[in-house]
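Q: Please take a close look at the salt bridges in this model, and then describe the parts of the fold in which their residues sit. I would like to know how exposed the partners are and what lies around them.

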Amino acid sequence: MKIVVIQGPNLNMLGVREQNIYGPMKLEEIHAQMKDVASQNGVEIEFFQSNLEGEIVDKIQECYGEAQGIIINAAAYTHTSIAIRDAISAVSIPTIEVHISNVYRREEFRQKNLIAPVCASSVIGFGPFGYHLAMMGMLQIMNEIKAAQEAQAQAQKAQA
Ligand code: DQA
């Protein structure tokens with residue numbers, strides 16, 4: 001099982017940008033914690049950050065047939081990108097979106113979310129801890145998929 005973590009524009013600036021909103025933690029530190037959880041649970045994990053919409057679309061497409069789960073913070077593209085939304089929808093891989101800040105308590109332009117309707121779930125406003133919650137959610141989804149696959153295999157065996 002493989003999870004791909006996709007980080008959108010300006011998230012490489014965590015620890016520097018607006019610490020009053022996003023906190024002091026750097027992206028590398030968040031990823032190190034996620035990596036620990038992944039290895040404790042025997043799951044492969046890959047990290048990707050880009051400031052470019054098309055590169056994020058390409059990465060989502062690359063996940064097709066390669067990853068069983070996507071955790072994405074599309075950052076500002078959350079509010080504008082039909083292309084990222086369509087890519088998530090196209091690959092049909094369980095996806096959890098994360099927002100560090102509570103976007104619903106911020107500017108009006110952040111209230112519009114084009115990504116959430118094509119995601120399994122959204123984790124919003126927990127600070128960097130939201131990525132940990134998303135990992136927990138994704139592991140749960142993966143366990144459910146595994147259990148369903150095993151049940152199907154058992155049923156096929158019983159029929160043969
Ligand atoms: C963000 C919220 C977005 O509105 C913003 O553009 C970001 C970060 C968050 O994690 O809280 O860059 O996605």
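**Salt bridges and their surroundings**

A: In this predicted model, the side chains of E18 and R17 meet in a salt bridge, with 3.9 Å from N to O. The cut-off for such a pair is 4 Å between a side-chain nitrogen of Lys or Arg and a carboxyl oxygen of Asp or Glu, so the distance of 3.9 Å for E18 and R17 falls within it. E18 has a relative accessibility of 40% and therefore counts as partly exposed, whereas R17, at 18%, counts as buried, because the limit for that word is under 20%. In general, side chains of opposite charge can pair when their charged atoms come close. A search of the whole structure finds seven salt bridges, and two others are taken up here in some detail.

One of these is formed by E46 and K59, whose closest N and O atoms are 2.5 Å apart. This pair links distant parts of the chain, since E46 lies in strand β2 and K59 in helix α3 (residues 53–62), with their positions 13 residues apart in sequence. E46 is partly exposed at 26% relative accessibility, while K59 is buried, with a relative accessible area of 10%. The pair also belongs to a wider arrangement, in which K2, E44, E46, K59 and E62 are linked in a network of salt bridges.

K59 is one of the buried residues of α3, which are I56, V57, K59 and I60. They cover an arc of only 160 degrees around the helix axis, which puts them on the same side of α3. The elements against which these buried residues of α3 pack are β1, β2, β3 and α4.

E46, on the other side of the salt bridge, brings in the sheet, because its strand is β2. Five strands make up an open sheet with parallel pairing, in the order β2-β1-β3-β4-β5. Its edge strands are β2 and β5 (121–124), each of which pairs on one side only. On average, and with direction ignored, neighbouring strands of this sheet are turned by 15 degrees against each other. Further into the sheet, β1 and β3 run parallel and are joined by five bridges, and I3 stands opposite G69 in β3.

Some of these strands also help to cover helix α2. That helix (residues 27–40) has 14 residues, and from its first C-alpha to its last it reaches 20 Å, close to the 20 Å expected at 1.5 Å a residue. Its buried residues are L27, I30, H31, M34, V37 and A38; they cover an arc of only 120 degrees around the axis, which puts them on the same side of α2. What covers them includes β1 (2–7), β2 (44–49), β3 (69–73) and α5 (129–159). The exposed residues E28, K35, S39 and Q40 are carried by the face of α2 turned away from its buried side. After α2 comes G42, whose phi is positive, near 65 degrees.

The other salt bridge to examine joins E107 to R110, with 2.6 Å between the closest N and O atoms. E107 is partly exposed, its relative accessible area being 33%, whereas R110 counts as buried at 16% relative accessibility.

The surroundings of R110 can be followed through its contacts with H79 and V103. H79 is found in the loop between β3 and α4 (82–91) and counts as buried at 11% relative accessibility. Not counting residues up to four places away in sequence, H79 touches V103, F109, R110, K112 and L114. V103 has its place in the loop between β4 (95–99) and β5, and at 4% relative accessibility V103 counts as buried. With its neighbours within four places in sequence left aside, V103 is in contact with H79, R110, Q111 and I124. V103 and G125 are 22 residues apart along the chain, and their C-alpha atoms are separated by 7.1 Å.

How values were computed:
Residues numbered from 1 in each chain as written. Predicted model: local features only at pLDDT ≥ 70, side-chain atom pairs only at ≥ 80, totals over all residues. Heavy atoms only, no water. Helix = DSSP H or I, 4+ residues; strand = E, 2+ residues; numbered from the N terminus. Expected span 1.5 Å × (residues − 1). Buried < 20%, exposed > 50% of the residue type's maximum accessible area, 1.4 Å probe, protein only. Arc of directions from axis to C-beta. Contact = heavy atoms within 4.5 Å. Pairing = 2+ DSSP bridges. Axes fitted to C-alpha atoms, helices over the stretch in contact; angles between N-to-C directions.
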